[in-house]
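Here is a quick tour for anyone opening this structure for the first time. Take a look at the chain, then read on.

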Amino acid sequence: MHNKASGEGALKMACGAFYLPKRNIQKPEDAHFIYAGNMGVADGVGGWAKKGVDAGEYARQIMRNAMISIQQRHNRGVEPRKVLEAAFLSTKAKGSSTACILTLNKCGYLHAVNVGDSGFMIFRNKKLMYKSPVQQHNFNCPYQLGNHKNSDRPCSATEVKVEVVPGDIIVLGTDGLMDNMHLAWTIAELALYNSMNKYFLSPFAKASELAGKKRMGGKIDDITVAVGHILP
């Protein structure tokens, strides 16, 4: 669990995060960071484990390298795409992962870059105001960064800027959250319950039906959720 309050200019963002593994907490497939008004999450692709590769190592490395890049750039202002590009070039591990990095800039905008099916939501007065788009090649096959020749690159990332106001709640998560939810600990715990409920009409079940693959229930996966509260 991490808690930090920081930001640039007039607005600040108090942040917290929580992680729930689907199996072994010693080898998490998800990774995240929180640093000085910046947050990021990454979801390692589990299929690498079948090839004897630690499926979470790439995600952990790219998040660690993203935070290092932010530390180096912080006085010059954080640009999420440049952070992602620098982190990608510094990450040499086998494997692949999704990635979402966001910052609260000095102009009062949430500036984010996203690759794959991790993402974020903005809530205002208990209403969903914005949800980042999912990037998928096809159903349940998200864009993913990696060193393999077939992996996606940072140039494929979606970049957005969304204006925020004091009181807004930012929920950043990997697909274990996004696929199972319609603050940090409560959200993650509920997503975990939904993922294991075979009768739950989850967002993943709805997407499955749209893809012509009828399936009820949630999607059992590692769940990482980071929550930011915009403060004056």
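## Salt bridges

A salt bridge here is a side-chain nitrogen of Lys or Arg within 4 Å of a carboxyl oxygen of Asp or Glu. Keep in mind that what you're looking at is a predicted model. It holds 5 salt bridges, and a good place to start is Arg-60. This residue pairs with Glu-57, and the closest N and O atoms of the two are 2.9 Å apart. Since the cut-off is 4 Å, the pair counts as a salt bridge. Both residues sit in helix α1, which covers residues 57–73, and because they are 3 residues apart there, about one helical turn separates them. Glu-57 is partly exposed, at 25% relative accessible area.

Arg-60 also meets the side chain of Asp-54 in a salt bridge, at 2.6 Å from N to O. Asp-54 is partly exposed too, with a relative accessible area of 27%. Another of the salt bridges links the side chains of Glu-79 and Lys-82, with 3.7 Å from N to O. Glu-79 comes out as partly exposed at 41% relative accessible area, and Lys-82 is partly exposed at 40%. Back at Arg-60, shared partners tie Asp-54, Glu-57 and Arg-60 into one network of salt bridges.

## How two helices pack

Two packed helices are described by the angle between their axes and the distance between the axes. So what angle do α1 and α2 make? Helix α2 spans residues 80–90, and it packs against α1 at about 130 degrees, with the axes 8 Å apart. Angles over 145 degrees would count as roughly antiparallel and 65 to 115 as roughly perpendicular, so α1 and α2 are oblique to each other. Their crossing is right-handed.

If you'd like to find the contact on screen, look on the α1 side for Tyr-58, Ile-62, Asn-65, Ala-66, Ser-69, Ile-70 and Arg-73. On the α2 side, the residues are Lys-82, Val-83, Leu-84, Ala-86, Ala-87, Phe-88 and Ser-90. Sorted by class, the contact has 9 nonpolar, 3 polar and 2 charged residues. Lys-82, which you've already met as the salt-bridge partner of Glu-79, is one of the α2 residues in this contact.

## Phe-88, buried in α2

Phe-88 belongs to helix α2. Is it buried or exposed? Phe-88 has a relative accessible area of 10%, so it is buried.

Setting aside neighbours within four places in sequence, Phe-88 touches Tyr-58, Ile-62, Leu-145, Gly-146, Asp-152, Arg-153 and Pro-154. Tyr-58 and Ile-62 are among the α1 residues that make the contact between the helices. Another pair to look up is Phe-88 and Met-63: they are 25 residues apart in sequence, and their C-alpha atoms are 9.3 Å apart in space.

## Leu-110, in strand β7

Now over to strand β7, residues 109–115, where you'll find Leu-110. With a relative accessible area of 0%, Leu-110 is buried.

Which residues does Leu-110 touch, once those up to four places away in sequence are left out? The list is Met-13, Leu-102, Thr-103, Leu-104, Phe-120, Ile-122, Val-160, Lys-161, Val-162, Val-164 and Ile-170. Val-164 is worth picking out: Leu-110 and Val-164 are 54 residues apart along the chain, yet 6.5 Å separates their C-alpha atoms.

## Two loop residues

Ser-118 sits in the loop between β7 and β8, the latter being residues 119–124. This loop residue is buried, at 2% relative accessible area. Apart from neighbours within four places in sequence, its contacts are Val-41, Asp-43, Thr-98, Cys-100, Gly-173, Thr-174 and Asp-175. Ser-118 and Leu-172 are 54 residues apart along the chain, and their C-alpha atoms are 7.9 Å apart.

The last stop is Ala-36, in the loop between β3 (30–35) and β4 (38–43). It isn't a glycine, yet Ala-36 has a positive phi of about 50 degrees. At 22% relative accessibility, Ala-36 is partly exposed.

Methods:
Residues numbered from 1 in each chain as written. Predicted model: local features only at pLDDT ≥ 70, side-chain atom pairs only at ≥ 80, totals over all residues. Heavy atoms only, no water. Helix = DSSP H or I, 4+ residues; strand = E, 2+ residues; numbered from the N terminus. Buried < 20%, exposed > 50% of the residue type's maximum accessible area, 1.4 Å probe, protein only. Contact = heavy atoms within 4.5 Å. Axes fitted to C-alpha atoms, helices over the stretch in contact; angles between N-to-C directions. Parallel < 35°, antiparallel > 145°, perpendicular 65-115°, else oblique. Left-handed = near helix turned anticlockwise from the far one by under 90°. Nonpolar A, V, L, I, M, F, W, Y, C, P; charged D, E, K, R; others polar.
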